[in-house]
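Subject: Structure for you to look at

Dear colleague,

I am handing over the structure we spoke about, and I would like you to open it beside this message. Please look through it once on your own before reading on.

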Amino acid sequence: MQKVTLNVQGMSCGHCVNSIEGNVGELNGVESVKVHLAEGKVDVTFDSNSVGLKEITDVIEDQGYYVVE
């Protein structure tokens, strides 16, 4: 398992948290996802053999948020 912390801009409320955690959590290979709203960070633990980091960031950005590298 690989764990990354992403810096995500544009998150402002509980709906943002539920949207990201729900959609990223549905990806095959994602073990856990936790949004830290106040810090603007998202922790993701995933199996890199099943899902890539780009796919995870694409799902977040498709919802209108911006992932800062």
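Below I go through the sheet, the helices that pack on it, and a pair of charged side chains.

Please keep in mind throughout that this is a predicted model.

It is easiest to begin with the sheet, which is open and is built from 4 strands in the order β2-β3-β1-β4, with antiparallel pairing. Because β2 (30-36) and β4 (66-68) stand at the edges and each has a single partner strand, one side of each is left without a neighbour in the sheet. From one strand to the next, the twist averages 30 degrees. As general background, strands of a sheet pair through backbone hydrogen bonds, and they can do so in a parallel or an antiparallel way.

Strand β3 is a good one to follow by eye. Strand β1 (residues 2-9) pairs with strand β3 (residues 41-46) in the antiparallel sense over 6 bridges; among the partners you can find there, threonine 5 is matched with aspartate 43 of β3, and leucine 6 is matched with valine 42 of β3. Strand β2 also pairs with β3 in the antiparallel sense, over 6 bridges, and here serine 32 has threonine 45 of β3 as its bridge partner. The hairpin of β2 and β3 has 4 residues between the strands, and in this hairpin glycine 40 takes a positive phi near 70 degrees. As for accessibility, β3 is mostly covered, since 5 of its 6 residues are buried.

Next come the helices. Helix α1 (residues 14-25) packs on the sheet, where it touches β1, β2 and β3, and its direction makes about 170 degrees with that of β2. Helix α2 (residues 53-62) packs on the sheet as well, touching β1, β2, β3 and β4, and its direction makes about 30 degrees with that of β1.

Finally, how many salt bridges does the structure hold? It holds 1, in which the side chains of lysine 54 and aspartate 58 meet at 3.1 Å, N to O. Both residues lie in helix α2, 4 residues apart, which is about one turn of the helix. Lysine 54 is exposed, with a relative accessible area of 58%, whereas aspartate 58 is partly exposed, with a relative accessible area of 28%. In general, side chains of opposite charge can pair when their charged atoms come close.

With best wishes

Notes. Residues are numbered from 1 along each chain as its sequence is written. This is a predicted model: local features need pLDDT of at least 70, side-chain atom pairs count only at pLDDT 80 or more; totals for chains, interfaces and linings use all residues. Side-chain values use heavy atoms; hydrogens and water are left out. Two strands pair if DSSP finds at least two bridges between them. Helices (H or I, at least four residues) and strands (E, at least two) are DSSP runs, numbered from the N terminus. Axes are lines fitted to C-alpha atoms, for helices over the stretch in contact, and angles run from 0 to 180 degrees between N-to-C directions. Contact means heavy atoms within 4.5 Å. A salt bridge is a side-chain nitrogen of Lys or Arg within 4 Å of a carboxyl oxygen of Asp or Glu. Buried means under 20% relative accessible area, exposed over 50%, partly exposed in between (1.4 Å probe, protein chains only).
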